[in-house]
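User: I would like to go through this model with a few questions on its charged pairs and its nonpolar packing. Please reason each answer through before naming the result.

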Amino acid sequence: MKITVFGAEAVSGNLARKLSLAGHHVQVADARGPEAVAAEVLEAGTRAVALDESVQGRGAILLSIPFEVAGKPADLFANVPAETVVIDTSNHYPHLNERIEAVEDGGKVESVYTSELLGRPVGKAWNAALAETQRTRGVPAGTPGRIAIPVAGDFEEARKVAMSLVDDAGFDPYDAGVVANSWRL
């Protein structure tokens, strides 16, 4: 599958590496430019690209950027086909991030908020495990003690894609239902 990972930090780097090593065609885009992508991510076979060329022709886009900037790439998504699966990996940490009133006071679920900002459905995955767990604990399917990662999405086909990618990254996917319930993850 052709995948774009937005972000060049720990979680995004882990996912880009693991999915590339699993045989996917992965490109990484970061607001700071292609040079922000770490050499170890590129060594796994990923390709660093500019934001403006990152979303076309992709089967899945993983948003692995800080929650408070989730709406910034909205213009890039204007012409992305509806069948492209978008998966949010972020969490909102009120004590670390800027205040998001709609989430903190309005009770809006994080990925519902992100979906509204981007103007398209967004699934949720990989947010229930820390970056170090993602980096070190992914193992082949069937390995005893394999960790499960919950996946939420409003459309069954999008959840299936996300669950397949979670499996490819070395974790047992768990279908957690719709995004409105993803706050439980």
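Analyst: Before we start, a residue is called buried under 20% relative accessible area, exposed over 50%, and partly exposed in between. The model is predicted.

User: Is Arg32, which meets Glu9 in a salt bridge, buried, partly exposed or exposed?

Analyst: The side chains of Glu9 and Arg32 come together at 2.9 Å, N to O, and the pair links distant parts of the chain, with Glu9 in the loop between β1 and α1 and Arg32 in the loop between β2 and α2. Because the relative accessible area of Arg32 is 48%, Arg32 is partly exposed.

User: How many residues apart in sequence are the parts that the salt bridge of Glu110 and Lys124 ties together?

Analyst: The side chains of Glu110 and Lys124 meet at 3.4 Å, N to O. Glu110 counts as buried at 18% relative accessibility, and Lys124 counts as buried at 1%. Since Glu110 belongs to helix α4 and Lys124 to strand β6, the parts tied together are separated in sequence by 14 residues.

User: Which element gives the largest share of the largest nonpolar core?

Analyst: This core has 26 residues, and those with the most contacts inside it include Trp126, Leu165 and Val166. Among the elements that give two or more residues to the core are β1, α1, β7 and α6. The largest share, five residues, comes from α6.

User: Which residue forms a salt bridge with Asp172, a contact of Val166?

Analyst: Leaving aside neighbours within four places in sequence, Val166 is in contact with residues including Trp126, Phe171 and Asp172. Asp172 lies in strand β8 and is partly exposed at 31%. At 2.8 Å, N to O, the salt-bridge partner of Asp172 is Arg146.

Note on methods. Residues are numbered from 1 along each chain as its sequence is written. This is a predicted model: local features need pLDDT of at least 70, side-chain atom pairs count only at pLDDT 80 or more; totals for chains, interfaces and linings use all residues. Side-chain values use heavy atoms; hydrogens and water are left out. A nonpolar core is a set of buried Ala, Val, Leu, Ile, Met, Phe, Trp, Tyr and Cys residues joined through side-chain atoms within 4.5 Å. Buried means under 20% relative accessible area, exposed over 50%, partly exposed in between (1.4 Å probe, protein chains only). Helices (H or I, at least four residues) and strands (E, at least two) are DSSP runs, numbered from the N terminus. Contact means heavy atoms within 4.5 Å. A salt bridge is a side-chain nitrogen of Lys or Arg within 4 Å of a carboxyl oxygen of Asp or Glu.
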